[in-house]
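Reader: Please take me through this structure term by term. I want the reasoning behind each label.

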Amino acid sequence: MTTKTKAAPVPQKPVGDLPTILIKPSKGWVSLRLDELWAYRELLYFFIWRDVKIRYKQTIMGVSWAIIQPLFTMVIFSLFFGRLAGIPSDDVPYPIFSYSALVPWTFFSNAFIQASNSLVNNAGMIKKIYFPRLAVPLATVLAGSFDFVLAFIVLLGMMLYFGITPTINVIWLPFFVLLALITSLGVGLWFSVMNVQFRDVRYIVPFLSQAWMFATPIAYPSSLLPEPWRTLYGLNPMAGVVEGFRWALLGTKTAPGPIIIVSTLVSVALLVSGAFYFRRMEKTFADVT
Amino acid sequence: MSIAILAKDLGKEYRIGGPQKTYDRLGEQVVDMMSAPFRRAASILRGDAAGAAELKKRFWALQDVSFQIDHGEVVGIIGRNGAGKSTLLKILSRITDPTVGEARIYGRVGSLLEVGTGFHPELTGRENIFLNGAILGMRKTEIIRKFDEIVAFAEIDDFIDTPVKHYSSGMYVRLAFAVAAHLEPEILLVDEVLAVGDVAFQRKSLGKMSEVAAEGRTVLFVSHNMGLVQTLCQRGIVLQEGRIVFDGGASESVECYLRTLETMGQEDLTTRTDRQGAGEVRAIDLTIFNGENQATSMLITGSPARFEVTLDGWMYGMTCVLTIFDHLGRPVTKFQSDVQGPDDEINPELGHKFVCEIDEFLLMSGNYRVDIWLRGGDEVQDYVQAAVKFDVETGLLRGRPVRATPVNPVSMLMPHRWRTPE
């Protein structure tokens with residue numbers, strides 16, 4: 001067969017102002033390219049919008065699921081742990097004690113589970129078009145904040161009902177919301193990447209989330225633990241988030257203190273390591289999913 | 001002219017599943033299954049993703065690919081299945097990394113590897129236009145500006161606020177293509193997305209593509225449709241087994257590609273590796289018989305013919321499709337076993353064999369090729385292009401001589417009768 005190939009390309013001068021993309025093999029740890037993620041912020045917005053929009057499509061209860069989940073868990077906890085077991089609740093009524101923890105917890109748990117499945121669920125797209133992959137789990141987690149707001153409004157209603165006025169600590173609340181967000185994203189990033197490789201993760205995550213709930217001071221106060229164990233408890237970043245929420249909103253007497261510092265460190269470490277791990281494995285997504 | 005795309009020694013290595021392990025005893029299998037997680041965990045810790053999935057065999061989907069494309073060029077990428085066309089497009093679209101080499105792209109890139117990427121069935125047409133547009137890299141303001149145009153192009157005005165899950169497949173595809181067609185990057189990478197919708201819409205899409213090509217934008221276009229490559233592109237790059245074997249004019253590249261197909265028809269089917277599908281069952285032979293029951297590579301217009309496809313196994317719901325292409329690579333006709341007629345016969349004595357009988361072979365003289373497509377167990381098992389080639393000689397069609405004419409050559413005949421006054 002006769003073949004001919006064009007002579008080796010003669011490099012010419014490219015047009016100066018055009019954006020240039022360099023494609024080459026990436027090895028090892030790579031930069032996060034947050035600038036690129038920023039350039040794709042509109043796509044991120046559309047992903048969040050899509051996730052919020054379709055979350056409760058074809059359900060009878062619709063968005064009320066966002067409230068039913070934590071509310072019913074609160075009722076069950078109040079009955080079994082509050083009434084029957086008589087677990088102490090830091091001098092606030094048990095229902096609001098557990099609900100104020102369940103609001104950030106439900107956000108975390110849903111965000112974690114959904115972020116873990118986000119890459120696999122969007123595999124079709126990942127195989128067909130390029131965009132910063134970080135947008136996928138990030139959008140999933142951020143879309144969950146919509147549910148969080150709804151559940152939080154109910155919490156405000158409950159505070160009104162129980163006659164609890166927030167103390168000055170409440171100015172710290174945004175910090176704890178951010179901490180919940182960072183934790184969810186950090187854990188979600190790790191598990192979303194592992195899920196691409198091993199679908200076992202799909203089965204592990206719901207189980208892990210359940211175990212994690214009982215390892216977090218939701219049904220009971222962390223004040224049950226003596227120091228220094230209480231500070232070490234902060235290694236579970238959600239312990240810091242939950243105790244912080246209570247302290248900021250309900251003014252529980254035991255200020256969380258060192259536990260928050262430990263939780264914040266762990267949470268940030270999870271996010272940063274998760275993001276780099278994600279970027280390192282990213283190039284394999286299209287080939288493996 | 002300035003450079004749009006510059007590729008230097010691009011290569012992509014894939015690791016694919018090695019041969020299935022066989023176990024003599026159940027015990028062995030259990031031990032293997034139990035120890036697998038630990039082996040895999042060890043691989044993950046080493047950061048070796050593919051190894052973790054126990055993918056052993058390696059092959060190069062693309063090798064030593066270098067080329068330069070200038071702004072304004074419309075280039076067709078052609079080649080057989082598994083020649084590396086899609087891999088090349090995926091690398092240039094940044095979906096996957098090359099294993100070696102590098103490429104530089106100067107300008108905004110839009111890539112269309114499929115239409116309707118990211119479409120969500122629960123969202124309305126309007127919502128999907130925005131979502132899909134954003135995924136393709138359009139700005140929100142740009143989508144708003146082109147919105148009416150997109151809707152008009154898709155011909156779905158009345159259904160724009162209906163969830164797309166209620167759309168017919170035609171409407172869905174039209175909307176998806178309409179969004180893609182309004183993408184306006186400097187460089188467009190396209191993978192056979194034109195073969196969508198009904199004939200009228202295909203023509204419209206083609207018109208749009210020619211428009212794009214005429215506007216002086218750079219287009220890289222992967223296709224199996226040789227006619228399209230010849231009409232749309234000025235230049236063609238032919239890939240074979242991951243390497244560039246030809247880079248030149250569109251018509252010459254199509255000729256080159258068809259020659260590579262010609263050499264294939266004579267190969268033994270069992271040795272062919274350029275096939276697709278799950279491969280649990282594969283075609284191992286395709287033999288053509290003439291009216292005298294002799295195996296042949298020459299059929300006669302108007303006479304009977306028989307195609308026999310032998311498989312190396314069988315599975316539930318096995319079906320076979322034979323597609324005949326003419327020498328220009330245009331599909332002419334196909335025989336489908338999954339659509340049944342009253343004359344079909346089920347005969348277990350055939351073993352692993354599909355037999356397709358044709359009473360009157362109605363193609364004009366010329367040379368043709370046959371693609372085999374096998375489906376079973378709800379997935380494509382085997383797809384071989386140009387499994388066999390054959391010639392057709394003119395003969396008699398129901399007693400009427402068939403005459404090939406150089407003016408308006410046709411490939412298809414119909415039995416007919418004339419009524420004339422004299």
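**Helix, core and sheet**

Author: Start with helix α7 of chain A, residues 173-197. It has 25 residues and reaches 37 Å from its first C-alpha to its last, close to the 36 Å expected at 1.5 Å a residue. The expected span is 1.5 Å times one less than the number of residues. Helices are DSSP runs of H or I, at least four residues, and strands are E runs of at least two, numbered from the N terminus. This is a predicted model: local features need pLDDT of at least 70, side-chain atom pairs count only at pLDDT 80 or more, and totals for chains, interfaces and linings use all residues. Residues are numbered from 1 along each chain as its sequence is written, while chains are lettered from A and ligands numbered from 1 in the order written.

Reader: What makes α7(A) largely enclosed by the rest of the structure?

Author: 21 of its 25 residues are buried, so α7(A) is largely enclosed. Buried means 20 or more other C-beta atoms within 10 Å of a residue's own; exposed means 12 or fewer, partly exposed in between, with C-beta atoms placed from the backbone.

Reader: How do you know that the largest nonpolar core lies between two domains of chain B?

Author: Domain 1 (3-60) and domain 2 (70-262) both give residues to this core, so it lies between them. Those bounds come from an automatic or database domain assignment. A nonpolar core is a set of buried Ala, Val, Leu, Ile, Met, Phe, Trp, Tyr and Cys residues joined through C-beta atoms within 7 Å. This one has 153 residues.

Reader: Why are β11 and β16 of chain B called edge strands?

Author: Each pairs on one side only. Pairing needs at least two DSSP bridges. The sheet order is β11-β13-β16, antiparallel. β13(B) and β16(B) share 6 bridges, so they meet the pairing cut-off of at least two.
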